[in-house]
Amino acid sequence: MFNSLKQKPTAIAQIKGSQNYPEIRGCVNFYQTKKGTLVAAEIFGLPYCSDKCKKNIFAFHIHDGNSCEENKNTETPFPKSGVHYNPYSCPHPRHAGDLPPLFGNKGYAFSMFLTDRFTVNEILCKTVIIHSDTDDFTSQPAGNAGEKIACGVVKGWQCFRN
């Protein structure tokens with residue numbers, strides 16, 4: 001797997017914070033491998049609580065929308081980012097777009113994992129969402145994960161054809 005990291009990613013999502021969290025930024029790289037999709041996320045500017053007993057854990061999902069545009073006339077951040085990517089109509093947390101949570105470390109998070117829930121081609125032009133709360137892995141349909149605080153569109157050369 002580490003050899004995959006020496007290659008250019010198959011696709012990238014540049015993460016930006018919502019209007020309420022403009023300091024969030026980062027990148028999620030997707031590498032297609034023979035064993036599945038390797039996902040590497042590095043995020044800066046996450047909300048931070050210094051109380052060791054408080055949560056600094058953020059839900060992390062692929063959504064089925066194709067835009068991270070914000071509409072200042074709506075209270076819902078990233079209204080065109082869609083809902084959890086769930087092509088097989090599975091219950092939560094078995095959606096293809098359900099990812100491991102991000103563990104914040106004084107506003108910074110780094111995560112890397114391998115998944116067989118989707119290929120890079122299947123998620124091109126979809127959105128990556130970071131939520132304000134921890135996914136409870138139970139509530140339907142989306143784990144009671146809270147507000148969308150950051151978004152990025154998964155981009156590869158296929159997204160730029162038109």
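This passage describes the disulfide and the main sheet of a predicted model.

We turn to the cysteines to begin with. A search of the whole structure returns 1 disulfide, the bond between cysteine 68 and cysteine 151, with an S to S distance of 1.9 Å. This pair ties together distant parts of the chain, 83 residues apart: cysteine 68 lies in the loop between β5 (60-63) and β6 (102-103), and cysteine 151 belongs to strand β9 (residues 148-155). The torsion about the S-S bond of cysteine 68 and cysteine 151 is about -70 degrees, so the disulfide is left-handed. Both cysteine 68 and cysteine 151 are buried.

Two further cysteines deserve a word. For cysteine 27, the closest cysteine sulfur is that of cysteine 68, and at 13 Å it is too far away for a bond. Cysteine 49, in turn, is partly exposed, with a relative accessible area of 28%.

Strand β9, which carries cysteine 151, also takes part in an open sheet. Here 7 strands follow the order β5-β8-β9-β1-β2-β3-β7, with antiparallel pairing. At the edges stand β5 and β7 (109-115); each has a single partner strand, so one side of each is left without a neighbour in the sheet. Direction ignored, neighbouring strands of this sheet are turned by 20 degrees against each other on average.

At the β5 edge, the partner is strand β8 (residues 127-131), which runs antiparallel to β5 and is joined to it by 4 bridges. Within this pairing, isoleucine 62 stands opposite valine 128 in β8.

Definitions and conventions
Residues are numbered from 1 along each chain as its sequence is written. This is a predicted model: local features need pLDDT of at least 70, side-chain atom pairs count only at pLDDT 80 or more; totals for chains, interfaces and linings use all residues. Side-chain values use heavy atoms; hydrogens and water are left out. A disulfide is a pair of cysteine sulfur atoms within 2.5 Å. Helices (H or I, at least four residues) and strands (E, at least two) are DSSP runs, numbered from the N terminus. Buried means under 20% relative accessible area, exposed over 50%, partly exposed in between (1.4 Å probe, protein chains only). Two strands pair if DSSP finds at least two bridges between them. Axes are lines fitted to C-alpha atoms, for helices over the stretch in contact, and angles run from 0 to 180 degrees between N-to-C directions.
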